[in-house]
Amino acid sequence: MRKSLIILSFPLVLGACTWVHMAPGASAVRIAASAPTGCQKLGEVEVSVKHSIAFIERNELRVRDELETLARNEGPGLGADTMHPLTQPLNGTQRFAAWRCGGGS
């Protein structure tokens with residue numbers, strides 16, 4: 001009985017897990033819904049996370065949030081202060097464009 005309860009609760013525990021954490025400097029990078037105007041495009045990045053674990057699909061909003069965090073983490077290394085999605089998430093992968101919109105470096 002106890003073993004069954006542990007096995008049944010496994011998907012709930014995994015659904016609450018977040019493996020992606022904000023890197024230093026990434027909190028200054030914003031996610032824009034569309035391509036910003038008056039900004040310099042610096043490039044594109046593709047980020048990915050696990051979208052399923054042991055054939056169990058992870059929460060779609062959590063996957064999307066983690067993809068955005070990974071994109072923001074890439075921003076400082078590119079000199080970008082803004083990222084915007086080029087594609088919708090698909091199987092835990094998404095492409096973003098990197099932009100410099102501010103007057104900083």
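Let's start with the sheet: 4 strands line up in the order β1-β5-β6-β2, forming an open sheet with mixed pairing. Its edges are β1, at residues 30–31, and β2, at 40–48, and each of these edge strands pairs on one side only. Keep in mind as you look around that this is a predicted model.

Now follow β2 to its partner. Strand β6, covering residues 93–100, runs antiparallel to β2, and 8 bridges join the two. If you'd like one spot to find by eye, pick Gly-43, whose bridge partner in β6 is Ala-98. Lying against the sheet is helix α2, made of residues 60–78, which touches β1, β2, β5 (82–85) and β6. The direction of helix α2 makes about 140° with that of β2.

Back in the sheet, β5 and β6 are also antiparallel, joined by 4 bridges. Here the pair to look for is Pro-85 with Phe-96, its bridge partner in β6.

To finish, let's zoom in on a single residue, Ser-48, which sits in strand β2. Is Ser-48 buried or exposed? The relative accessible area of Ser-48 is 47%, so this residue counts as partly exposed, a label used for values between 20% and 50%. And which residues does Ser-48 contact, once neighbours within four places in sequence are left aside? They are Leu-67, Leu-70, Gly-92 and Thr-93. Leu-67 and Leu-70 carry numbers that fall in helix α2, residues 60–78, while Thr-93 belongs to the stretch 93–100 of β6. As for Arg-64, it lies 16 residues from Ser-48 in sequence, and their C-alpha atoms are 9.8 Å apart in space.

Key
Residues are numbered from 1 along each chain as its sequence is written. This is a predicted model: local features need pLDDT of at least 70, side-chain atom pairs count only at pLDDT 80 or more; totals for chains, interfaces and linings use all residues. Side-chain values use heavy atoms; hydrogens and water are left out. Two strands pair if DSSP finds at least two bridges between them. Contact means heavy atoms within 4.5 Å. Axes are lines fitted to C-alpha atoms, for helices over the stretch in contact, and angles run from 0 to 180 degrees between N-to-C directions. Buried means under 20% relative accessible area, exposed over 50%, partly exposed in between (1.4 Å probe, protein chains only).
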